[in-house]
Amino acid sequence: MRTHVVDHPLVTHKLTTLRDQSTDSPTFRALTDELVTLLAYEATRDVRVSTVEIQTPVSPATGVRLDSPKPLVVPILRAGLGMLDGMMRLLPTAEVGFLGMVRNEETLEASTYAERLPDDLSGRQCYVLDPMLATGGTLAAAIRFLTDRGADHITAICLLAAPEGCERLAADLEGLDVPVTVVTAAMDERLNDKGYIVPGLGDAGDRLYGVAH
């Protein structure tokens with residue numbers, strides 16, 4: 001597993017405002033959208049392409065186009081939905097699947113409660129959207145779910161990551177013969193006793209959409 005922390009002043013600038021507890025939900029959503037597009041630029045460096053010949057207004061030229069099958073973007077519900085528009089802005093021809101996963105707040109283990117994905121993902125590159133790589137259990141379960149269906153290249157895009165989550169993810173995916181990359185805006189200090197990232201930005205889902213009662 002490879003971890004890539006995007007070191008760019010615009011990324012840090014937007015992330016700083018996301019962290020601020022005084023940032024309201026509309027601003028949080030807009031900044032998440034912008035930040036994900038910046039992260040997606042780095043995350044798609046290995047997207048598969050094919051060489052094509054075209055005719056410009058001046059002369060023939062050689063270029064590339066996205067390969068088939070199309071990449072699959074998979075937001076993890078619900079907070080991952082807040083990252084979808086920013087990803088699709090950069091990769092509009094990708095297909096989208098959905099994976100609903102919930103973490104037990106006592107055991108911190110993840111389970112799947114909903115999915116809308118092709119049964120066969122053979123030969124597919126998948127981009128998983130999950131705002132917080134905290135304990136790592138949810139993302140590990142999502143990646144295993146996709147690779148069990150045949151996905152052969154996984155890139156996870158996270159706003160924030162914790163060292164404990166990255167270690168857990170690497171341990172849970174040990175022996176998996178599929179390249180996995182995590183692209184994140186920052187590697188934070190640690191997790192607290194409730195499994196939240198410190199300093200973090202709070203609950204991403206609640207800050208995107210409000211608290212559901």
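This text leads the reader through a predicted model of one protein, from its annotated positions to its cysteines, its enclosed space and its unusual peptide bonds.

A suitable starting point is the set of positions that carry a record. The UniProt annotation "binding site", from an unreviewed entry, covers R78, R103, D130, P131, M132, L133, A134, T135, G136, G137, T138 and D203. According to the record, a feature with the name "binding site", again from an unreviewed entry, is placed at I197, G202, D203 and A204. Such annotations may be inferred rather than shown by experiment.

Among the positions of the former annotation is L133, which belongs to strand 9, a strand of residues 132-133. Is L133 buried or exposed? Its relative accessibility is 1%, and L133 therefore counts as buried. The surroundings of L133 can be described by its contacts. When neighbours within four places in sequence are left aside, L133 touches L139, C158, L160, A161, A162, G165, C166, L169, V182 and I197. One of these partners, I197, is itself named in the record for the "binding site" feature that includes G202. A134 lies in the loop between strand 9 and helix 4, the helix that covers 137-148. With a relative accessible area of 10%, A134 is also buried, since the limit for that class is under 20%.

The other annotated group can be examined in a similar way. G202 sits in the loop that joins strand 14 (197-198) to helix 6 (204-209). Its relative accessible area is 39%, so G202 is partly exposed. Beyond its neighbours within four places in sequence, G202 is in contact with M132 and Y196. A204, by contrast, is placed in helix 6 and counts as buried because its relative accessibility is 5%. The contacts of A204, apart from neighbours within four places in sequence, are F28, A79, P131 and M132. M132 thus appears among the contacts of G202 and among those of A204. Both M132 and P131 are listed in the record for the annotation that includes L133.

The cysteines come next. How many disulfides does a search of the whole structure find? The search finds 0 disulfides. The distances between sulfur atoms show why, given that a disulfide requires sulfur atoms within 2.5 Å. For C126, the closest cysteine sulfur is that of C158, at 15 Å, which is too far for a bond. C126 has a relative accessible area of 1% and is therefore buried. For C166, the closest cysteine sulfur also belongs to C158, but the separation is 7.9 Å, again too far for a bond. C166 counts as buried, with a relative accessibility of 9%. Both C158 and C166 were met above as contacts of L133.

Attention now turns to enclosed space. Rolling a probe the size of a water molecule over the atoms shows where empty space is left. The count comes to 1 cavity of 30 Å³ or more, and the largest cavity holds about 40 Å³ of space. Its lining consists of R2, E42, A43, R45, D46, T155, T181 and V183. Sorted by class, this lining has 2 nonpolar, 2 polar and 4 charged residues. Helix 2 (25-43) and strand 12 each contribute at least two residues to the lining of the largest cavity.

One of the lining residues, T181, is found in strand 12, which runs over residues 180-184. At a relative accessible area of 9%, T181 is buried. Leaving aside neighbours within four places in sequence, T181 is in contact with R2, I154, T155 and A156. Of these partners, R2 and T155 also line the largest cavity.

Two peptide bonds deserve separate mention. Most peptide bonds are trans. The bond from S68 to P69, however, is cis, with omega near 0°. P69 is located in the loop between strand 3 (60-66) and strand 4 (72-77). The bond from V198 to P199 is likewise cis, with omega near 0°. P199 occupies the loop between strand 14 and helix 6, the loop in which G202 is also found.

A final observation concerns T12, which is found in helix 1 (residues 9-19). T12 counts as partly exposed because its relative accessibility is 44%. Along the sequence T12 and L35 are 23 residues apart, while their C-alpha atoms are 9.2 Å apart in space.

Key:
Residues are numbered from 1 along each chain as its sequence is written. This is a predicted model: local features need pLDDT of at least 70, side-chain atom pairs count only at pLDDT 80 or more; totals for chains, interfaces and linings use all residues. Side-chain values use heavy atoms; hydrogens and water are left out. Helices (H or I, at least four residues) and strands (E, at least two) are DSSP runs, numbered from the N terminus. Buried means under 20% relative accessible area, exposed over 50%, partly exposed in between (1.4 Å probe, protein chains only). Contact means heavy atoms within 4.5 Å. On a 1 Å grid over the protein atoms alone, a cavity is a set of points where a 1.4 Å probe fits but cannot get out, and a pocket is an open set with protein on both sides within 12 Å along at least five of seven lines; lining residues have an atom within 4 Å of a point. Grid points are joined across faces, edges and corners, and a volume is the space filled by probe spheres set on the points. Ala, Val, Leu, Ile, Met, Phe, Trp, Tyr, Cys and Pro count as nonpolar, Asp, Glu, Lys and Arg as charged, and the others, Gly among them, as polar.
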